[in-house]
Amino acid sequence: MARVNQLLDHEDYICYMEKINGLEKERLFCKHGFEHGLNVARVSYAYMLENRDVILPKEVVYAAAFLHDIGRWVEYQTGEDHAEASARLALPLLEACRFSLEDIQLILQGIREHRRNPADNLTPLGEALALADDWARDCRHCSAQTLCYKFNDEMKQIMY
Ligand SMILES: [Fe+2]
Ligand SMILES: [Fe+2]
């Protein structure tokens, strides 16, 4: 996982996380810092191991998960969809960490798809990220349940 560790140490990744942490300080709902990336990485990789015929390399899945929300701060500042912003910001980071062109294309596509309906014929990585994005959250104990547009009773049952 050397390239993922390199990614987490990259000054731009650290800078984006700091911006997001700052902008989400008063946020009632789920936050999108390092912990969210790690949770999505673990859940999406577990999902792939259990459910997919084609398992992507762990580094590819983890890199995509850690990067899928790095454009959140852009969305807060400009209104641009953060899936697109995250993919754009992820490209130079992935190049700097020596991911292959093929892996980069898979990761950017997965990031772009992570907000879509998982049943919507997504790439395997996009589907795993979209599902893990919900399953990686502790909605059952969240104090903002009644205010959250994403919350429904089904989410109280989700344990992954
Ligand atoms: Fe997101
Ligand atoms: Fe997310």
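Four donors count as tetrahedral if all angles lie between 85 and 135 degrees, and as square planar if opposite donors are over 155 degrees apart and all others between 65 and 115, the rule that six donors must meet to be octahedral; anything else is irregular. This is a predicted model, in which local features need pLDDT of at least 70 and side-chain atom pairs count only at pLDDT 80 or more, while totals for chains, interfaces and linings use all residues. Residues are numbered from 1 along each chain as its sequence is written, chains are lettered from A and ligands numbered from 1 in the order in which they are written, and side-chain values use heavy atoms, with hydrogens and water left out.

Take the iron ion (ligand 2) to begin with. Its donors (N, O and S atoms within 2.8 Å of the metal, or 3.2 Å for Na, K and Ca; water is not among the atoms, so sites may look incomplete) are His36 (NE2), His68 (NE2), Asp69 (OD) and Asp133 (OD), at 2.2 Å. The angles among these 4 donor atoms run from 82 to 174°, and the site comes out as irregular. Along the chain, the donors are spaced as H-x31-H-D-x63-D. The pair of histidine 36, in helix H3 (residues 34-51), and aspartate 69, in the loop between H4 and helix H5 (72-78), links distant parts of the chain, 33 residues apart. Helices here are DSSP runs (H or I, at least four residues), as strands are (E, at least two), numbered from the N terminus. Both histidine 36 and aspartate 69 are buried, that is, under 20% relative accessible area (exposed is over 50%, partly exposed in between; 1.4 Å probe, protein chains only).

The iron ion (ligand 1) picks up Asp69 (OD), His82 (NE2) and His114 (NE2), at 2.1 Å, with the spacing D-x12-H-x31-H. Aspartate 69 coordinates both ions, which sit 3.5 Å apart. Because aspartate 69 lies in the loop between H4 and H5 and histidine 114 in the loop between H7 and H8, this pair ties together parts that are 45 residues apart in sequence. Histidine 114 is buried, as is aspartate 69.

Back to aspartate 133, which is found in helix H8. At 6% relative accessibility, aspartate 133 counts as buried. Beyond its neighbours within four places in sequence, aspartate 133 is in contact (heavy atoms within 4.5 Å) with His36, Val40, His68, Asp69 and His114.

Helix H7 (residues 101-113) has 13 residues and, at 1.5 Å a residue, should span 18 Å (1.5 Å times one less than the number of residues); its end C-alpha atoms are 18 Å apart, which agrees. Buried residues of H7 include Asp103, Ile104, Ile107 and Leu108, and the buried set packs against helix H1 (2-9), helix H4 (58-67), helix H6 (82-96) and helix H8 (124-135).

As for empty space, a 1 Å grid over the protein atoms alone was used: a cavity is a set of points where a 1.4 Å probe fits but cannot get out, a pocket is an open set with protein on both sides within 12 Å along at least five of seven lines, and lining residues have an atom within 4 Å of a point. Grid points are joined across faces, edges and corners, and a volume is the space filled by probe spheres set on the points. The largest pocket holds about 1,200 Å³. Its lining has 44 residues, with Cys30, Asp133, Asp134, Arg137 and Lys150 nearest the centre. The largest cavity has a volume of about 30 Å³, and its lining includes His36, His68 and Asp69.
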